[in-house]
Structures are given as structure tokens and as C-alpha cells.
Amino acid sequence: MNMQMKEISGKVLEAGVVGAGGAGFPTHVKLSAQAEIVIVNGAECEPLLKTDQQLAARYPDLLVKGLTLAMASTGAQKGIIALKAKYKEAIAALEPYIRNTEGIEIAIMPDIYPAGDEVMTIWLTTGRRVPPGGIPINIGVVVNNVQTLINVAKAQEGISVTTRTLTVTGAVKKPITVTVPIGTPLREVLDLAGGEEADLAYINGGPMMGKLISDLSDTVTKTTGGLIGLPRDHMLIQRKESSVEGILRIAKTVCEQCSFCTDLCPRHMIGHELSPHLLIRAVNYKNLAELSLLATALTCSECGVCEAYACPVGISPLRVNVALKAELRSQGIKYQGELGKADPMAQHRLIPSSRLMDRLRLRSFYKDAPLAGEVYEGKEVRIKLQQHIGAPAAAVVKEGDVVEAGQRIGEIPSGALGANIHASISGTVTQVTPQAITIRKGGAAR
Ligand code: SF4
Ligand code: SF4
């Protein structure tokens with residue numbers, strides 16, 4: 001690694017940047033690899049979410065700067081900003097910045113789900129295919145989302161990750177996209193969109209891959225993807241509430257082995273061995289299943305196409321895969337398999353976002369959620385020490401300490417994979433637990 005690379009990834013490490021679009025992989029590790037291509041994943045393919053498209057339109061300079069830095073750090077000669085044609089404002093805002101920037105181009109992806117699954121983003125924009133069980137760098141590619149690269153650009157100015165921008169939408173009173181300090185309670189974020197309503201249930205993230213929220217006092221992290229309110233009797237809420245035992249029971253009784261789930265599985269389409277209909281058959285007749293077949297569940301991206309779109313009888317191969325993954329991982333089993341041939345019909349099997357939205361009965365909730373200009377600031381934040389893949393950060397402050405916004409309050413344990421954590425507001429540390437640090441604005445009164 002040369003000096004420039006070291007300096008860029010060092011500042012990214014110090015600022016606590018993690019992948020904002022996924023599980024929070026520490027970005028300084030990604031930027032320490034050698035790559036040929038860096039892709040900005042601006043697909044934002046989850047129906048209803050409107051964060052990245054608005055950030056790209058509002059901060060094109062920072063996004064291009066973040067991409068340029070990521071290219072310099074990885075040695076990549078090519079940068080691709082992957083967007084959809086409908087993100088017209090983002091495209092118009094970015095064009096002047098890339099016109100004279102060598103090696104960077106905008107790639108327009110089809111408006112399909114899941115264009116934002118990084119394996120699919122890579123295939124759609126470069127034709128390269130990540131092998132099953134592999135990661136993008138195996139084929140010379142690094143993928144970062146919009147918010148991550150904006151944070152990379154800020155990190156070079158010494159600005160740490162202290163805020164998160166997210167869309168609050170669905171059946172809420174006033175859909176909005178807001179920027180809040182990390183550690184803000186979800187209930188306060190909801191107040192910015194008109195407040196909590198008794199007949200709604202809430203999803204953290206997008207409708208397809210987000211998780212049901214059981215407690216609105218939980219707080220925003222660096223990876224909180226969105227906050228969606230839907231009626232409690234909405235099919236998506238019902239589905240997320242259903243038990244895996246119930247799903248396995250339905251699978252046993254009504255799976256007709258039509259294989260629609262496999263035909264439409266994005267990973268299967270690009271040549272991965274994963275075949276959800278075979279996994280359903282395998283769990284239905286467990287004693288006939290080979291371990292090598294069961295292990296293909298480990299390559300499932302959990303995109304939800306099989307349960308939400310493909311299966312005609314309401315089975316969720318996704319949930320079966322999630323249960324299988326947990327079992328296989330607990331036994332230390334890994335997937336070992338080769339990349340096969342891509343489906344020659346793949347381009348014709350991709351699912352248009354609008355059709356998915358109709359199938360999920362989300363059309364009436366598809367509304368503007370304008371990006372607020374101001375950063376919200378509440379009275380108290382509870383900042384989790386584990387907001388990323390790897391080891392939790394170790395607290396370096398104690399109760400009663402007075403901290404400034406941006407000050408490092410949690411560090412990566414020595415020799416571990418992880419990310420630094422910073423105070424998101426100025427105030428007094430009122431509690432430190434193994435899970436989180438609470439900061440109250442101003443004095444120490446509780
Ligand atoms: S969730 Fe279903 S469709 Fe998506 S990758 Fe997994 S098996 Fe395939
Ligand atoms: S689509 Fe549904 S019914 Fe058909 S094979 Fe898959 S799980 Fe079974």
C-alpha cells in the first residue's frame with residue numbers, strides 16, 4: 001500500500017465509516033484492497049425508500065470526491081456511478097462533476113428489483129459475476145453506496161460519521177427524508193414524520209429486506225436503512241410476523257415444486273447453484289437431503305423475490321434459508337461450489353420495480369419524502385457500540401465525561417475488525433454499558 005492509499009484509508013478508519021447500505025462492513029478495510037473498478041451503488045431498489053437518490057442530487061460534489069478517493073485508495077482506474085434513469089435530478093447534478101473526471105461514468109440500470117444487491121449491481125453494470133460464496137473483490141470490484149462515499153469524502157476533511165440520513169415513509173402522516181444524529185430514538189425520528197400511530201407497525205429498512213421493529217425506543221445506527229409504517233394487517237407485516245414453524249408447515253403441505261422461486265431467484269439467474277425449490281424439497285424430506293445441497297442456502301442474499309413475488313402459494317423459501325443458514329453456521333459449515341452458467345433468459349426474468357410494488361400492495365404508499373435541509377438534534381442519544389460487522393467498539397469515555405460532537409468515544413479493540421464510534425451530539429456521558437453509550441445534551445441531569 002502506498003502513502004496515498006494509507007492516508008485515505010487511515011482517515012476513513014479514524015472517522016468510523018462503515019457500509020451504510022448493508023450490514024456495516026468497515027469501509028477502511030474495503031479501501032485497503034487492490035481493485036480494478038469502484039462502483040457507487042445508487043440503485044436504491046427497495047420500494048418506497050428515497051434517501052440515496054436525494055443525497056446524490058444534493059451532494060454530487062461530495063459523492064464524486066468520495067468515489068475519486070475510493071479509486072485512489074484501491075488503485076482502480078474505473079469508477080461507475082450506478083443509477084436508475086428515473087433518478088433524473090441525481091443524474092443532472094452529477095453530470096457536470098464527472099464530465100472532466102477521467103475514468104468515471106454513470107451507468108443506467110434497469111428499474112428492477114434487486115438492482116441494489118451488490119452482486120446484481122456488478123452484473124448489471126459490468127457483466128462480471130461474483131462467484132457463489134464470494135465477494136466483489138474476488139473479481140476486482142469494490143462496491144460502496146452513496147451515503148458511504150459521502151462519508152468517505154467527509155472523512156478526508158476530518159469529519160467523523162455522526163449522522164444518518166433515512167427515509168420515513170409508508171402510512172405515516174408526513175413522509176420525509178431526515179438526517180439525525182446516530183443514537184436518536186426511532187420514536188423521535190417518527191415524530192418528524194407526524195408521530196407514532198396505534199394502528200401501524202414499523203419496519204427498520206426497506207419493505208423487502210427490512211426487519212419489524214418491536215421497540216421504538218431502539219436507536220438509529222450507521223446502517224439504519226429507513227423507517228416504514230404500514231397498517232398492522234398489511235400483507236408485508238403479516239408475513240414478517242409469521243413464524244418459521246408455520247412457514248415450514250405450509251411448505252410441507254402445499255409446495256408444488258413448480259420451481260418459479262428458482263426461475264426468478266437473482267442469484268440462480270447469474271449462475272449460482274442456489275435453487276430454492278430444491279431447498280424446500282430438502283427440508284420437507286430431510287433424510288434425503290445432501291449436505292452440499294443444504295449448504296447452498298448460505299449463498300442466499302435474502303432479497304425476498306422468492307417469497308414476495310415468485311411463489312404462487314405463499315411459501316417463503318427466504319425464511320427457510322435464513323433458518324438453514326443459522327443451523328449451518330452453528331456447525332461451522334461453509335459453502336463450496338463453482339460459478340455455473342448464467343441463465344440465457346436472465347434479462348427477461350428481472351422483476352420490474354413497479355410490478356413488485358403492485359404485488360406488495362405498496363402503490364398507495366409510494367409518496368414523495370423530501371430531504372429536509374436541517375439536521376435534527378434531540379436531547380439525548382444512545383449510541384450502540386456494535387453498529388458494524390466485526391467486534392463491538394470499546395468505550396473510551398466514562399459516566400460524567402463531557403464530550404464534543406465528533407469526539408471519538410469508542411475504539412476498535414486491538415487487532416480486531418471493527419469501527420470507531422463518535423459522539424453524535426455535544427453533552428455529558430450519562431451511561432456506559434457493554435452495549436451503548438448514552439449522551440445527554442448539556443449538563444449531566446438525568
Ligand atoms: S431470497 Fe429467495 S430469491 Fe432471493 S436470493 Fe434467496 S433464495 Fe434467491
Ligand atoms: S415457488 Fe413456491 S410452490 Fe413453487 S417450488 Fe417454490 S416454494 Fe414450492
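On a 1 Å grid over the protein atoms alone, a cavity is a set of points where a 1.4 Å probe fits but cannot get out. A molecule sits in a cavity if more than half of its atoms lie within 2 Å of its grid points. The model is predicted, so local features need pLDDT of at least 70 and side-chain atom pairs count only at pLDDT 80 or more, while totals for chains, interfaces and linings use all residues. Side-chain values use heavy atoms, without hydrogens or water; residues are numbered from 1 along each chain as its sequence is written, and ligands are numbered from 1 in the order in which they are written.

Ligand 1 takes up the second largest cavity. Its shell holds 14 residues, counted as near if one heavy atom lies within 4 Å of the molecule. Cys265, Cys300, Cys303, Gly304 and Cys306 come nearest. Helices H12 (266-269), H15 (305-310) and H16 (317-330) each supply at least two residues of this shell. Helices are DSSP runs of H or I with at least four residues, and strands are runs of E with at least two, numbered from the N terminus. The shell of ligand 1 divides into nine nonpolar, three polar and two charged residues. Here Ala, Val, Leu, Ile, Met, Phe, Trp, Tyr, Cys and Pro count as nonpolar, Asp, Glu, Lys and Arg as charged, and the others, Gly among them, as polar.

Ligand 2 sits in the largest cavity. Among the residues around ligand 2 are Cys255, Cys258, Cys261, His277 and Cys311. Its shell comprises seven nonpolar residues, three polar and one charged. Gln257 also belongs to this shell. Gln257 lies in the loop between helix H10 (244-254) and helix H11 (260-263). Its phi is positive, about 50°, although Gln257 is not a glycine.

Helix H10 also packs against H16, at an angle of about 120° with axes 10 Å apart. Axes are lines fitted to C-alpha atoms over the stretch in contact, and angles run from 0 to 180 degrees between N-to-C directions. H10 and H16 are therefore oblique (neither under 35, over 145, nor 65 to 115 degrees). Their crossing is left-handed (near helix turned anticlockwise from the far one by less than a right angle; clockwise is right-handed).

Helices H4 (60-74) and H5 (88-99) cross at roughly 45°, their axes coming within 9 Å. That makes H4 oblique to H5. This crossing is right-handed.

The peptide bond from Tyr113 to Pro114 is cis, with omega near 0°. Pro114 lies in the loop between strand S4 (112-113) and helix H6 (118-126).

Definitions and conventions:
1 Å grid on protein atoms, 1.4 Å probe; cavity = no way out; pocket = protein on both sides within 12 Å on 5 of 7 lines; lining within 4 Å.
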